[in-house]
Amino acid sequence: MAHDFHGGEIYGLEDGFVDFSVNINPLGFPENVWKEMLEHPELATLYPDQDCAKLRKALGKKLGIAPKNIICGNGASEIFSMIARGLKPEKALVTAPTFSGYEHALRQVGATIAYHRLMEQDQFALTETYIESLTDFKPNIAFLCQPNNPVGNLIDHDFLEKIMDICEQQETFLVLDICFLGFTHDDERWYYKKLSTHPHLILGSAFTKLYAMPGIRLGYMAMDNFYDFDDIVDQQTEWSVSGIAQWVGQRVLEESDYVEEGRKLVDEERAYLTDQLTRMGFTVFPSEANFILVKGDWRVADSLYKKEYLVRKAYNFKGLDNEYFRIAVKTHEENEELVWALQIIQADMITFQEIGRQGIDDMVAIREMHRDRFEMPEITDDIMGFGV
Ligand SMILES: Cc1ncc(COP(=O)(O)O)c(C=O)c1O
């Protein structure tokens, strides 16, 4: 089976593409850390510590929890698979749209998945209707992404606490994916403090996005419930977290200035991109993260691709179609280039519009004839708007 399509699919492309599809820290991986790492050849020659003891200790200190409640994994993705295999849920609730990795993990264990549809008229925010989905369907597990990928919006703490309490009462495991939280101004420790009073709460995160290190593969989860935690830990492949990942993880935790600088850059540049794109007539949905979801003409993403700018087409996020695309917030120079490319594309489209109705109808007919060569949105039965 082919793997799920994500951002960052640059393999096979010509050099020169600017990748706005992968949403990682625009500052890039801290170069000084890479250089220091090269002074440690033992990272390549020794088996890694299976317990990731030093890294878990450093993480525990940062997050304000005991290291025994943390497990590290080969990216957040391995963590989600371990959770699904360890807890074996029969019924699962995910939102649409959201990151497809939850579904990927849940499909591996044959869980029945219900989708809670997030509505465009609500700016894709989670609303009270989610409570109905949760209490009517009573899933064994629910996944929420905070801030949500591909939108970048946050659920407020009061509402989230209500959801945590309901999950606790009805024994639904609530997996909160906070991989992008470090780009926002939300208080990470608030989440970790909830663990001791919510044994069904699982926090999943990763170094991947905040430290721009998707190739190193390092994620982690935290839970304060020994029995279920142990079932999850049992699912891990031996030595799945490399010595390099463990060393780099500990080292980057010291880079608080780098994180602060990245967050500041993201704030400024997200505002710049939002402003420029809105002026051009695109709809930009509210985001507090390092990416924005944009709605516009379905041809824009392909036109950008022809100009060697890769954006994340969003048609394979359940609940979205090919009018939407996600843009990562990058450095000012890169963002400015993208804005110029979009301006040129828009100018070209005006010319296109001048070919008139008949011209457009002809284009549509040609597109239909070659349907299988174009990317068309999948309309599937499982987008059922559960609970709304
Ligand atoms: C919301 C979210 N969580 C988790 C992941 C996967 O993270 P990792 O690369 O650490 O497995 C992604 C990847 O795009 C993501 O968007």
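Two strands are said to pair when DSSP finds at least two bridges between them, and with that in mind the sheets of this predicted model can be followed strand by strand. One of them is an open sheet of four strands, arranged in the order 9-10-13-12 with antiparallel pairing. Strand 9 (283-284) and strand 12 (312-313) stand at its edges, and because each has a single partner strand, one side of each is left without a neighbour in the sheet. Further in, strand 10 (residues 291-295) and strand 13 (residues 324-328) are joined in the antiparallel sense over five bridges, and within this pair F291 stands opposite A328 of strand 13. Helix 11 (residues 256-279) packs on this sheet, where it touches strand 9, strand 10 and strand 13, and its direction makes about 10 degrees with that of strand 10.

The other sheet to follow is an open one of seven strands, in the order 2-8-7-6-5-3-4, and its pairing is mixed. Its edge strands are strand 2 and strand 4 (112-117), each of which pairs on one side only, and the twist from one strand to the next averages 20 degrees. At one edge, strand 2 is paired with strand 8 in the antiparallel sense over four bridges, and G73 has G219 of strand 8 as its bridge partner. Strand 8 is also joined by four bridges to strand 7, the two running antiparallel, and here A206 is the residue that stands opposite G219.

In general, the side chains of a regular strand alternate between the two faces of the sheet. Strand 2 (residues 70-73) can be read in that light, for I70 and C72 point one way while I71 and G73 point the other way, and all of these residues are buried. Two helices lie across parts of this sheet: helix 3 crosses strand 2 and strand 8, running at about 125 degrees to strand 2, while helix 5 lies across strand 3 (91-96), strand 4 and strand 5, at about 160 degrees to strand 3.

Helix 4 (residues 75-87) is a good place to turn next. Its 13 residues reach 19 Å from the first C-alpha to the last, which is close to the 18 Å expected at 1.5 Å a residue. This helix is mostly covered, with eleven of its 13 residues buried, among them G75, S77, F80, S81, I83 and A84. Just after helix 4, K88 takes a positive phi of about 45 degrees.

From helix 5 (residues 101-108), A105 offers a view of how helix 4 is approached. A105 counts as buried because 23 other C-beta atoms lie within 10 Å, the cut-off for burial being 20 or more. Once its neighbours within four places in sequence are left aside, A105 is in contact with F80, S81, I83 and A84. Its C-alpha lies 4.7 Å from that of S81, although the two residues are 24 apart in sequence.

Helix 4 also matters for the surroundings of the ligand, since it supplies three residues, the largest share of the shell. Of the 14 residues around the ligand, those that come nearest are G75, S77, F99, A206 and T208. By character, the shell divides into six nonpolar residues, seven polar ones and one charged.

Some details of the backbone remain. Most residues other than glycine have a negative phi, and most peptide bonds are trans. Against that background, the peptide bond from Q146 to P147 is cis, with omega near -5 degrees, and the bond from N149 to P150 is cis as well, with omega near 20 degrees. P147 is placed in the loop between strand 5 (141-145) and helix 7 (157-169), and P150 lies in the loop between strand 5 and helix 7 too.

A positive phi of about 55 degrees is found at E171, which is not a glycine and sits in the loop between helix 7 and strand 6 (173-177). R217, likewise not a glycine, has a positive phi of about 65 degrees and belongs to the loop between strand 7 (201-206) and strand 8 (219-222). Is each of these residues buried or exposed? E171 is exposed, because 10 other C-beta atoms lie within 10 Å, whereas R217 is buried, with 20 such atoms within 10 Å.

Terms used: Residues numbered from 1 in each chain as written. Predicted model: local features only at pLDDT ≥ 70, side-chain atom pairs only at ≥ 80, totals over all residues. Contact = placed C-beta atoms within 7 Å. Axes fitted to C-alpha atoms, helices over the stretch in contact; angles between N-to-C directions. Expected span 1.5 Å × (residues − 1). Buried ≥ 20, exposed ≤ 12 C-beta atoms within 10 Å, placed from the backbone. Near = placed C-beta within 6 Å. Nonpolar A, V, L, I, M, F, W, Y, C, P; charged D, E, K, R; others polar.
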